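Hi,

Here is the structure I promised to pass on to you. Have a look at it first, and then read on for what turned up in it.

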Amino acid sequence: MNNRKEFIFPRRFFWGASTAAHQVEGGTTNDWSEWEKSEKRLKHLKKLKLIEQYGEDNFISGMGTGHYTRFDGDFKMAKEMGHNATRFSLEWSRIEPEEGKFNEKELEHYHDVIRSARRNGLEPFVTIWHWPIPLWLRDKGGWNSKDAPKYFARYAERVIGVLGGDVKFWITLNEPQVYTAESFLLGEWPPQKINPFSYLKVFHNLIKAHIAAYKIIKKKHPAAQIGIASHNMHFDASRRSLTGHIFKAAADWWWNFYFLGRISDYQDFIGLNHYFHKKMDHWWSKKEKEIFSDMGWRLHPESMYHVLMDLRRFGKPIYITENGLADAGDIKRPWFIVETLKQVHRAIENGVDVRGYLHWSLLDNFEWGEGFWPRFGLIEIDYRTLERKMRPSAHLYRDICLRNGVTEELVERYKNLL
Ligand code: FCB
């Protein structure tokens, strides 16, 4: 494998990058935007001395990157960057700001976004829910409410009614595993309340919500392709100790496969968001050379191969809907992209039906609880002027997209970055 130089992907492979509404649009009013400014949140940040370190503005999503008005320019850049696909999310609080009252202008806005993507040669992968919820739903208990799946289905139905004819790929939910854990087990995200019962309840409500939305979309548009974006980690027990294996089996069962298994009859593809490599049996060993992102996430491209191989059990096509790193200096990103893609290629050669790779992210953005400081973008944002600039890795990735893979000539050309 190490001697291989050419890694050419299947024909019609989708190449692109992803965003999410609250992280890039700016000007959203939802449970997140209100929580960002709440006393409870600020107290927590002060306690951890994070305000001193990053400043208060870092933690307020505010104007984001201004993508709400600049989407067309951003998609033009994506086109220049060789992409043929893009993933973005709809903001529920814009579309249904009051319970049961839908804002036609906002739906039309997203129609424009989809048209702009298509004009720029980008196949849209549209996420219906990427975490924030409207305030009226928050006040009803959010995803804890027994009616939440019904509310979500009603919202999805309206969305499909307007946008259904123009979108083929729908992602109902983003990372139910991460949302539930951060919000209800760790208490780090709104509603910032640790409660294992809520954790399980919300988790199961999200399963119901997905299935209800799936049925609605399929009924109206049988050719639509529908899935979720699942956050799968590589639980690595490569040293084969018994305890490592037991931990790995439990973690795989619950974190990686439970949700996907419960919806397996109601998904046409698997959206894979992959970031993490977790050592299950050798975390005490410090001997290996390790590389970390600016956020301290271990960068381990080979993990991609393992999570993809593990997803074969579902027998569905896979689109990688997120994968990336915070790297302000763009020092590790070029290497990370190339090495990860080699692992995707290796999985394809081993029979995994991978049909697309969407890097996280198209733009620098508001990284949830961490705020603006982590830099995930292929495109760098100057937050004072909202000016956009392609990072060197965006050029490298463009050439990969245009060549439909990693070639020897390309590696040679970019060797200074790699
Ligand atoms: C994922 C989220 C995405 C982004 C990346 C870094 O878990 O889906 O919105 O924050 O992490």
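How many cavities of 30 Å³ or more does the structure hold? There are three of them. Please keep in mind that this is a predicted model. I will start with the cavities, go on to the pockets and finish with the ligand.

**The cavities**

The largest cavity has a volume of about 80 Å³. Its lining is made up of 13 residues, and those nearest the centre are Glu25, His67, Ser89, Tyr110 and Val113. Two or more lining residues come from each of helix H1 (21-24), helix H5 (67-80), strand S3 (85-89) and helix H7 (104-119). Sorted by class, the lining of the largest cavity has eight nonpolar residues, four polar ones and one charged one.

The second largest cavity holds about 60 Å³ of space. You can find it by looking for the residues that line it, among them His274, Tyr275, Phe276 and His277, together with Arg298, His300, Asn323 and Phe336. Helix H13 (302-310) and helix H14 (333-349) are the elements that give two or more residues to this lining. Here the split is five nonpolar, six polar and one charged.

**The pockets**

Now to the open spaces. The largest pocket has a volume of about 760 Å³, and the second largest has about 310 Å³.

As many as 37 residues line the largest pocket, with Val178, Glu182, Trp189, Trp297 and Glu367 lying nearest its centre. Helix H3 (39-47), helix H4 (50-54) and helix H10 (176-185) each contribute at least two residues to the lining. Which of the elements gives the most to the lining of the largest pocket? That is H10, with four residues. The lining of the largest pocket divides into 22 nonpolar, seven polar and eight charged residues.

For the second largest pocket, the lining consists of 18 residues, and Arg138, Pro190, Pro191, Gln192 and Lys193 are nearest the centre. Helix H2 (31-36) and H10 are the elements that supply two or more of its lining residues. H10 therefore turns up again, as it is also listed for the largest pocket. By class, this second lining has seven nonpolar, seven polar and four charged residues.

**The ligand**

Where does the ligand sit? The space it takes is the largest pocket. There are 13 residues around the ligand, and Gln23, His130, Asn174, Glu175 and Glu367 come nearest. This shell has five nonpolar, five polar and three charged residues. Glu367 is worth finding on your screen, since the name appears both here and among the residues nearest the centre of the largest pocket.

Three side chains have an N or O atom for which a distance to a ligand oxygen can be given:

- Glu367, at 2.6 Å
- His130, at 2.9 Å
- Glu322, at 3.0 Å

Taken alone, the ligand exposes 290 Å², and the protein buries 97% of that.

If you would like a route through the model, begin at Glu367, which has a side-chain N or O atom 2.6 Å from an oxygen atom of the ligand. Go on to H10 and its four residues in the lining of the largest pocket, and end at Tyr110, one of the residues nearest the centre of the largest cavity.

Best wishes

Note on methods
Residues numbered from 1 in each chain as written. Predicted model: local features only at pLDDT ≥ 70, side-chain atom pairs only at ≥ 80, totals over all residues. Heavy atoms only, no water. Near = heavy atom within 4 Å. Polar contact = N/O pair within 3.5 Å; in protein donor to acceptor, adjacent residues only side chain to side chain. Areas by Shrake-Rupley, 256 points an atom, 1.4 Å probe, with all protein chains shown as cover. 1 Å grid on protein atoms, 1.4 Å probe; cavity = no way out; pocket = protein on both sides within 12 Å on 5 of 7 lines; lining within 4 Å. Sits in = over half its atoms within 2 Å of the grid points. Nonpolar A, V, L, I, M, F, W, Y, C, P; charged D, E, K, R; others polar. Points joined across faces, edges and corners; volume = space filled by probe spheres on them.
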